[in-house]
Amino acid sequence: MFENEAKINKTMIDVEFEFDDGRTMMGWLFVTQRQRVSDLLNDDRIFLPILTTTGSIINVRKTLISKVTQLNQRIDSSVLSDPYDILGVPVTVSDDDLKEAHRRKSNEFHPDKILGMGLPAEFIDFANLKMAMTNDAYSRIREKRRDSTDA
């Protein structure tokens, strides 16, 4: 089904949002190669999908956004989230339960599963990000545990 469709490459842009009620939020927007952030804000859609620093995608009504500032820095999600929180397990989790939690998260966000649902490319990009975060969290915990047993 998707073999003949041209893949649209999108780039994640780090932005800070200011809302009408005074709240601010950092996150990412997805733009195509020839698209600008202003193009996203002025297109026909009512809602704007935003990837938050916690890794979730939220749809925000455009009329609630008062200002969007493109940032000149990368938001490193690995320093914003504890690897145990990413996997949804306590620090005291056993190795077997840790492995099972990693498997469950991987299954939940597997890009092929999202692709099979026929969702837009933004969701597949999000799934790839979540898979990378899940694998990174699992690797960091395993490495930390390996280092603590070697000492």
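P111 is buried, because its relative accessible area is 14%, and the cut-off for buried is under 20%. Keep in mind that this is a predicted model. P111 belongs to helix α5, which covers residues 111-116. Which residues does P111 touch, beyond those up to four places away in sequence? They are A127, N128 and M131. F123 is 12 residues from P111 along the chain, and the two C-alpha atoms are separated by 8.5 Å.

Now turn to the nonpolar cores. In soluble globular proteins, nonpolar side chains tend to be buried together. Here the largest nonpolar core has 18 residues. Among those with the most contacts inside this core are L51, Y84, L87 and I141. V89, V93 and L98 also belong to that group. Where do the core residues come from? Four elements each supply at least two: β2 (24-32), α3 (83-87), α4 (95-108) and α6 (121-150). Helix α6 gives the most, with seven residues. Look at V93 as one example. Leaving aside neighbours within four places in sequence, V93 is in contact with Y84, L98 and R145. Another core lies apart from this one. That other core has 14 residues, including I13, M25, V37 and L48.

Next, follow helix α4. Its 14 residues should span 20 Å at 1.5 Å a residue. The end C-alpha atoms of α4 are 20 Å apart, so the span agrees with the expected one. Which residues of α4 are buried? They are L98, A101, H102, K105 and S106. Seen down the axis of α4, the buried residues fall within an arc of 135°, so they line one face of the helix. On the other side of α4, D96 and K99 are exposed. What covers the buried residues of α4? The cover includes α3 and α6. Both of those helices also supply residues to the largest core, as does α4.

Finally, look at the aromatic rings. How many aromatic pairs does a search of the whole structure find? It finds one. The partners are F17 and F19. Their ring centres are 6.3 Å apart, with 20° between the planes. The pair counts as stacked because planes under 30 degrees apart are classed that way. Are these two residues buried or exposed? F17 is buried, at 0% relative accessibility. F19 is buried too, with a relative accessible area of 7%. F19 has a charged partner as well. The charged end of R23 sits over the ring of F19, 5.0 Å from its centre.

Terms used. Residues are numbered from 1 along each chain as its sequence is written. This is a predicted model: local features need pLDDT of at least 70, side-chain atom pairs count only at pLDDT 80 or more; totals for chains, interfaces and linings use all residues. Side-chain values use heavy atoms; hydrogens and water are left out. Buried means under 20% relative accessible area, exposed over 50%, partly exposed in between (1.4 Å probe, protein chains only). Contact means heavy atoms within 4.5 Å. A nonpolar core is a set of buried Ala, Val, Leu, Ile, Met, Phe, Trp, Tyr and Cys residues joined through side-chain atoms within 4.5 Å. Rings of Phe, Tyr and Trp (its six-membered ring) pair if their centres lie within 6.5 Å; planes under 30 degrees apart count as stacked, over 60 as edge-to-face and the rest as tilted. A charge sits over a ring if NZ of Lys or CZ of Arg is within 6 Å of the ring centre and within 35 degrees of the ring normal. The expected span of a helix is 1.5 Å times one less than its number of residues. The arc is that of the directions from the helix axis to the C-beta atoms.
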